[in-house]
Amino acid sequence: MNIVKKGLAASLIALACAGAGASAAQAGEIAVIVKTTNSNFWQNVNKGAKAAIEGQSEHTMSFDGPAAESAIADEVNLVENAINRGVAGIVLAPSDPDALAPVVKRAYESGIPVVIIDSSLADSAKGTYQAFLSTDNCAAGEEVAKRMIEEAGDSGKVAVMSYVAGVGSEIGRVGCFSDYLKNNSKLEIVGPYYSQSQMATALNQTTDVLSANPDLVGIFGANEPTAVGMGRAIVQAGKAGQLTAIGFDGNQDLQQFVRDGVLDAIAVQGSFAMGEKGVDTVIKLINGEKVDDFINTGVVIVDKDNIDSPEAQNVLY
């Protein structure tokens, strides 16, 4: 049985390499498929992907994603469509670690190289994609937790405003933030609350949390739309500067919240780098080159003191 499995795996790898080699011989489409197109973060990924494709004529690029991160079936369909039209390679940000695994396996069996960005796939998908590019979300969550303890102190309540439960990035980012607080302070966690990456939902949830917990010492908004909704709720409640508020991601709204003192800091991922390095990596695979299994695209803690520095400006969008 093991010999049969090994033989099958070898055949699939050969098929994938053969498909990649065929793609390298002629111009082909690289499909960049993200969790949603309705987010500045993912549009910055698009800018990075476009930068990677410019200046070379061999490949074209398409960019697509569902209307919302919670529309998981729509993202599965987008990957299916890319496979059916015979793309040369796929750069994928999976919205669900389990739901996207079967279709990534199908791409692998079709000889299409796949690079995963931002959020990991389920363990069952290992071996069916060739590289994973992401912020180390666990390390990022711990960095935010350290900053929270520094600013908010060692005790009191901290609310966690999260986005979509079970997504790979959320598990690492929010899970490690919470674990670090539990292991290194007496801070009590309120939540997490899940906005489904909808700004209006996050605004309403934060409004309720602030009302129900007037003694909060801190609050964490774990992705862009959630942090924007959280920031707006803090302003509307007249709580700016009265608790330590930290967001995640770095669009114009969040930058302004930092400048205005609504948010003490934002943890900003290299979203442009995800798109640029993702496309560069899949092109290398198409050309038969070796790539690292994991490529860390990093995170920068941005506050009033460093927001205009080159380090911050390179990641803000």
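**Salt bridges, helix packing and backbone oddities**

Arginine 259 and aspartate 308 pair up through their side chains in a salt bridge, with N and O 2.8 Å apart. This pair reaches across distant parts of the chain, 49 residues apart: arginine 259 sits in helix H9 (residues 252-260), while aspartate 308 sits in the loop between strand E12 (299-302) and helix H11 (310-313). The two partners fall into separate accessibility classes. Arginine 259 comes out as partly exposed because its relative accessible area is 35%, and aspartate 308 counts as exposed because its relative accessibility is 55%, with the cut-off for that class at over 50%. The model is a predicted one, and its tally of salt bridges comes to 10. Some of them share partners, and in this way Arg147, Glu151 and Asp303 are joined into one network.

Another salt bridge runs between aspartate 215 and lysine 157, where the closest N and O atoms are 3.6 Å apart. Aspartate 215 belongs to the loop between helix H7 (199-212) and strand E8 (216-221), and lysine 157 to strand E6 (residues 155-162), so this pair ties together parts of the chain that are 58 residues apart in sequence. Aspartate 215 has a relative accessible area of 44% and is therefore partly exposed.

A more local case is found in helix H5 (residues 137-152), which holds both glutamate 143 and lysine 146. Their side chains meet in a salt bridge at 3.4 Å, N to O. The two residues are 3 apart, about one turn of the helix. That spacing fits a general rule: an α-helix has 3.6 residues a turn, so residues three or four places apart point the same way. Both partners are partly exposed, glutamate 143 at 35% relative accessibility and lysine 146 at 32%.

As for H5 as a whole, its 16 residues span 22 Å from first C-alpha to last, close to the 22 Å expected at 1.5 Å a residue. The buried residues of H5 are Asn137, Ala140, Gly141, Val144, Ala145, Arg147, Met148, Ile149 and Ala152. Arg147, then, is buried and also a member of the salt-bridge network with Glu151 and Asp303. Right after H5 comes glycine 153, with a positive phi near 100°.

H5 packs against helix H6 (residues 168-184), with the axes 7 Å apart and at an angle of about 40°. The two helices are therefore oblique to each other, and their crossing is right-handed. On the H5 side, the contact involves Asn137, Cys138, Gly141, Glu142, Val144, Ala145, Lys146, Met148 and Ile149. H6 contributes Ser169, Gly172, Arg173, Cys176, Phe177, Tyr180, Leu181 and Asn184. Lys146 thus appears in this contact as well as in the salt bridge with glutamate 143.

Helices H7 and H8 (residues 224-236) make another packed pair, at an angle of about 45° and with axes 7 Å apart. That angle makes H7 oblique to H8, and this crossing, too, is right-handed. The residues in contact include Met199, Ala202, Leu203, Thr206, Thr207 and Leu210 from H7, and Pro225, Thr226, Val228 and Gly229 from H8. Further along H8, Met230, Arg232, Ala233, Ile234 and Gln236 also take part.

Strand E6, home of lysine 157, also contains serine 155. Serine 155 counts as partly exposed because its relative accessibility is 46%. Leaving aside residues up to four places away in sequence, serine 155 touches Lys186, Leu187 and Val217. Methionine 199, by contrast, is 29 Å away from serine 155, C-alpha to C-alpha, with their positions 44 residues apart in sequence.

The backbone has a few quirks around strand E7 (residues 186-194), where proline 192 is placed. The peptide bond joining glycine 191 and proline 192 is cis, with omega about 10°. In the loop between E7 and H7, glutamine 196 has a positive phi of about 60° although it is not a glycine. Serine 197 lies in that loop between E7 and H7 too, and its phi is likewise positive, near 60°, in a residue other than glycine. In terms of accessibility, glutamine 196 is partly exposed because its value is 33%, whereas serine 197, at 11%, counts as buried because the cut-off is under 20%.

Definitions and conventions. Residues numbered from 1 in each chain as written. Predicted model: local features only at pLDDT ≥ 70, side-chain atom pairs only at ≥ 80, totals over all residues. Heavy atoms only, no water. Salt bridge = Lys/Arg side-chain N within 4 Å of Asp/Glu carboxyl O. Helix = DSSP H or I, 4+ residues; strand = E, 2+ residues; numbered from the N terminus. Buried < 20%, exposed > 50% of the residue type's maximum accessible area, 1.4 Å probe, protein only. Expected span 1.5 Å × (residues − 1). Axes fitted to C-alpha atoms, helices over the stretch in contact; angles between N-to-C directions. Parallel < 35°, antiparallel > 145°, perpendicular 65-115°, else oblique. Left-handed = near helix turned anticlockwise from the far one by under 90°. Contact = heavy atoms within 4.5 Å.
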